[in-house]
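Here are a few exercises to work through with the model open beside you. Try each task before you read its solution.

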Amino acid sequence: MIDLSKEINNILQEYANDVEKALIRAEDEVAAEAVEKLKKTSPKKARGKKAGNYAKSWAVDKKTKKQYAQTIIHNKDYQLTHLLENGHDIVRDGKVVAHANAQPHIKPVEEWVKREMVERIEAEL
């Protein structure tokens, strides 16, 4: 005789494992693609020995805890991200001498990641 509750539990556990695998796969793929997009769309310095370092510095870190996993896309030159994304005043000798315009490059990729994760997870499940 089949124990119905055990069978249902087994089916639900199998589905949970499939969902977890789909989430991890989508997260890894989308994060890697997001880094490539950020490298292409990030501002690059025109000259100097550090030219292009900001754009090249995007990376993915994966942190895993008992209860959850976390994927973080970040720039190693993190001090510049807010300034470049939102613009800033240029101050010399305590006076504002100019304003650097915003160069939005993070927000469009963030919006893409949000849409793409949902689409990929739905497609896989």
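**Exercise 1.** Find which residues Arg120 is in contact with, leaving aside its neighbours within four places in sequence.

*Solution.* Start with the cut-off: contact means heavy atoms within 4.5 Å. With that in hand, the partners of Arg120 come out as Ala26, Glu29, Val30 and Glu33. A word on the ground rules: this is a predicted model, where local features need pLDDT of at least 70 and side-chain atom pairs count only at pLDDT 80 or more, while totals for chains, interfaces and linings use all residues. Residues are numbered from 1 along each chain as its sequence is written, and side-chain values use heavy atoms, with hydrogens and water left out.

Next, place the residue: Arg120 belongs to helix 4, residues 107-124. (Helices are DSSP runs of H or I with at least four residues, strands are runs of E with at least two, and both are numbered from the N terminus.)

Last, look at the side chain of Arg120, which makes a polar contact of 2.8 Å with that of Glu116. (That term is a pair of N or O atoms within 3.5 Å; within protein, one must be able to donate a hydrogen and the other to accept it, and residues adjacent in sequence count only if both atoms are side-chain atoms.)

**Exercise 2.** Decide whether Arg120 and Ile90 are buried, partly exposed or exposed.

*Solution.* Take the scale first: buried is under 20% relative accessible area, exposed is over 50%, and partly exposed is in between, with a 1.4 Å probe and protein chains only. Arg120 has 19%, so it is buried. Ile90 has 27%, so it is partly exposed. For the protein as a whole, 23% of the 125 residues count as buried.

**Exercise 3.** Describe the surroundings of Ile90.

*Solution.* Locate it first: Ile90 sits in strand 3, residues 88-92. Then list what Ile90 touches beyond four places in sequence: Lys95, Val96, Val97, Ala98, His99 and Ala100. Now check one pair: Ile90 and Ala100 are 10 residues apart in sequence, and their C-alpha atoms are 6.7 Å apart in space.

**Exercise 4.** Work out how the radius of gyration of the protein compares with the globule rule.

*Solution.* Begin with the elements: 4 helices and 4 strands, in the order α-α-β-β-α-β-β-α from the N terminus. The radius of gyration is 21 Å, well over the 14 Å that the rule gives for 125 residues, so the protein is more spread out than a compact globule. (The radius is taken over C-alpha atoms; the rule is 2.2 Å times the number of residues to the power 0.38.) To finish, get the spans of the C-alpha trace along its principal axes: about 85 × 25 × 25 Å.
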